[in-house]
Amino acid sequence: MPIITLLTDFGTKDPYVAEMKAVVLSICPSATIVDITHEVSSFNILEAALILAEASQYFPSATIHVVVVDPGVGSERRAIAVKTKHFFFVGPDNGVLSLAIKRDGGARLAVSLENPKYFLGRVSRTFHGRDVFAPVAAHIANGIPLQSFGPPIGKFIELSISEPKQIGEAYEAEVLFTDKFGNCVTNIGEHLIPSNARSVLLELEDGRILKLPLVTSYASVPRGAPLAIVDSFGFLEIAVNMDSAEHLFNLKAGKKVKVSFKEH
Amino acid sequence: MPIITLLTDFGTKDPYVAEMKAVVLSICPSATIVDITHEVSSFNILEAALILAEASQYFPSATIHVVVVDPGVGSERRAIAVKTKHFFFVGPDNGVLSLAIKRDGGARLAVSLENPKYFLGRVSRTFHGRDVFAPVAAHIANGIPLQSFGPPIGKFIELSISEPKQIGEAYEAEVLFTDKFGNCVTNIGEHLIPSNARSVLLELEDGRILKLPLVTSYASVPRGAPLAIVDSFGFLEIAVNMDSAEHLFNLKAGKKVKVSFKEH
Amino acid sequence: MPIITLLTDFGTKDPYVAEMKAVVLSICPSATIVDITHEVSSFNILEAALILAEASQYFPSATIHVVVVDPGVGSERRAIAVKTKHFFFVGPDNGVLSLAIKRDGGARLAVSLENPKYFLGRVSRTFHGRDVFAPVAAHIANGIPLQSFGPPIGKFIELSISEPKQIGEAYEAEVLFTDKFGNCVTNIGEHLIPSNARSVLLELEDGRILKLPLVTSYASVPRGAPLAIVDSFGFLEIAVNMDSAEHLFNLKAGKKVKVSFKEH
């Protein structure tokens, strides 16, 4: 049973997501469809790319990941399908697929979706999710080889995540992502954290300086107390036990923070 | 594998939708259940009817569409099941199924759901979605013929969509639907748009008059610029590239707009 | 086809729920996954426990219910799996499973999840939903006996629902739950309602006293009129036809109300 995942900024009120599922099931009735999320902020390509890079890696081999965050729909932007070591990725060529592709070792084959034989009968100019990406994903699930959908392409648009900048002993870091709990994921990867670090000195944009214990579970500190933790993404996260670091520290995606590590 | 879709105004926080799925899977374990949406505005029959009419048509033949937007639950309103050319529709007889039935060519058979043999053991007066509609849909998926559920009925309640009114060269139109992006779908069908039209003169209720280019993709205009487009529903849509026409023009479902087409 | 349900406070924007589904499908590809809800208020164990107790009972026998409302993740709180007459329950030992277990007749076997063989390769300290509970549920679906996951335990944390207190002819009751429609479910079970009762005298915390007809359907009263009804949970519910009792009467989970029954 092939798995097709969907990741969009469509929300779940409108009929758009259901129409994509209807098209998939019409072409590949045995597909198992899994929603990654449809709550990406409208047109936020970086946010979608980060979520895809995180979630995609846990799926079984041969899963087909479809992403529709597509402000350029109907313009000259290409539609692409990409094969990596474990997965297929289908979506607009605007960078939204690129972080996940990179995390899975890079593209083994990328094609431009140009063969109308595999599109829905009549392709609208406003909804390629339903008319191009969903049917192509379903045909991939049916075993159609990537080459059938269009010519191979050498390049596609790649996003990059900002790297933390080292200044003396500190890092100028950035919040990549805030989750539903208000936990703030930074771009400081685990490998940058000294093994003897026990706390984090955090300097916020508004000048506040906080010393946060570097712990291994949220519940290691009292309710309402701030903490730093390596989270399930493998990044340094700023959090507050059972409260929101996002609100308390006025953080959000893109905000800068200064971080240094202490032995005590 | 039979497909059963669900469309309700229940939201996704409460246990109601899960209980419907539980009942379906208890009776028909092989059913594939697809959510159309559960975010219909509470009791908004017209909104649900429009979403169903749009989404239902993309599903494979024999799909069973269940709708529960049901302010009259427990009153004398009938519960019905209807067969059309391609689909089955199950829900309350309050008009919510009628636009989709009409779009699929009208009813071939309609019955009133009266046979308690196919209901959940004990039918509550407040939740026919779980106790009547879900089990009936699952039994249809199992191949039980429609006649088994109750007597055929000649008529059921039908909604009508307002038609645009022609006044000289202009149309007095209405917004049918606004989506998550703030795009405003009007009741002006594609067939009313002259083939040489290049722009739309739009008069809002507050007296503002705007000239919008009639384009084929959102990205045809700069970010933040307004546009008119034939959307994926086949209707004229008022939109703003990467912004919300709903907010900028103070539009919502039911609002009147005056529209005329220009060659330049 | 085994059924695995998921109930969390993760919301649907972040990749967390999709990662759990990915892990389940990697281990048990034939699983049917059903979302109960992911909109539980953050860390609200009682709310999740009530929703689980309601929804779980409608699922087919052998369904595996996974709950992740887990403020103590990474601390010393145990992770458990419990077998009842009809179901399996998997989650943290913080009481969140206990009301559903009790409703299904109590635990027949409970184990502490300690065998890393059935966890995800590397267990994070922050996301046991993905790293412990999802893989264990999938292995249960594959037929692994509960004893394989860890030692049996005699006790686990149990929540209790407040019982209404009888004061003369009245009950001092509590709102357990408000749903999306603003209907307020109290802790007064059906068995406490005299068979000849025709109306309910309701005293609110702010001193307002209302006489509500005790009816069998919302539509028994005019639009906007208040009512009392035995709801689909089997509890006395305070509601307003097509409006919100939660807002109009300023009620929410935990609020006290005084209720007495009248014959006319």
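Two strands count as paired if DSSP finds at least two bridges between them. Helices (H or I, at least four residues) and strands (E, at least two) are DSSP runs, numbered from the N terminus. With that in hand, meet chain C: its open sheet has six strands in the order 2-1-3-5-4-6, with mixed pairing. This is a predicted model, where local features need pLDDT of at least 70. Residues are numbered from 1 along each chain as its sequence is written, and chains are lettered from A in the order in which they are written.

**The sheet of chain C**
- Strand 2 (32–37) and strand 6 (109–112) are the edge strands, and each pairs on one side only.
- Strand 3 (residues 64–68) and strand 5 (residues 88–92) run parallel, joined over three bridges.
- One bridge links C:Val66 to C:Val90 in strand 5.

**Helices on the sheet**
- Helix 2 (residues 45–56) of chain C lies across strands 1, 2, 3 and 5, with contact meaning heavy atoms within 4.5 Å.
- Helix 4 (residues 128–141) of chain C packs on the sheet too, touching strands 1, 3, 4 and 5.

**The largest pocket**
- About 1200 Å³ of space lies in this pocket, a volume being the space filled by probe spheres set on grid points joined across faces, edges and corners.
- A pocket is an open set of points on a 1 Å grid over the protein atoms alone, where a 1.4 Å probe fits, with protein on both sides within 12 Å along at least five of seven lines.
- Its 50 lining residues (an atom within 4 Å of a point) include A:Asp35, B:Asp35 and C:Asp35, which are among the closest to the centre.

Note on methods:
This is a predicted model: local features need pLDDT of at least 70, side-chain atom pairs count only at pLDDT 80 or more; totals for chains, interfaces and linings use all residues. Side-chain values use heavy atoms; hydrogens and water are left out. Axes are lines fitted to C-alpha atoms, for helices over the stretch in contact, and angles run from 0 to 180 degrees between N-to-C directions.
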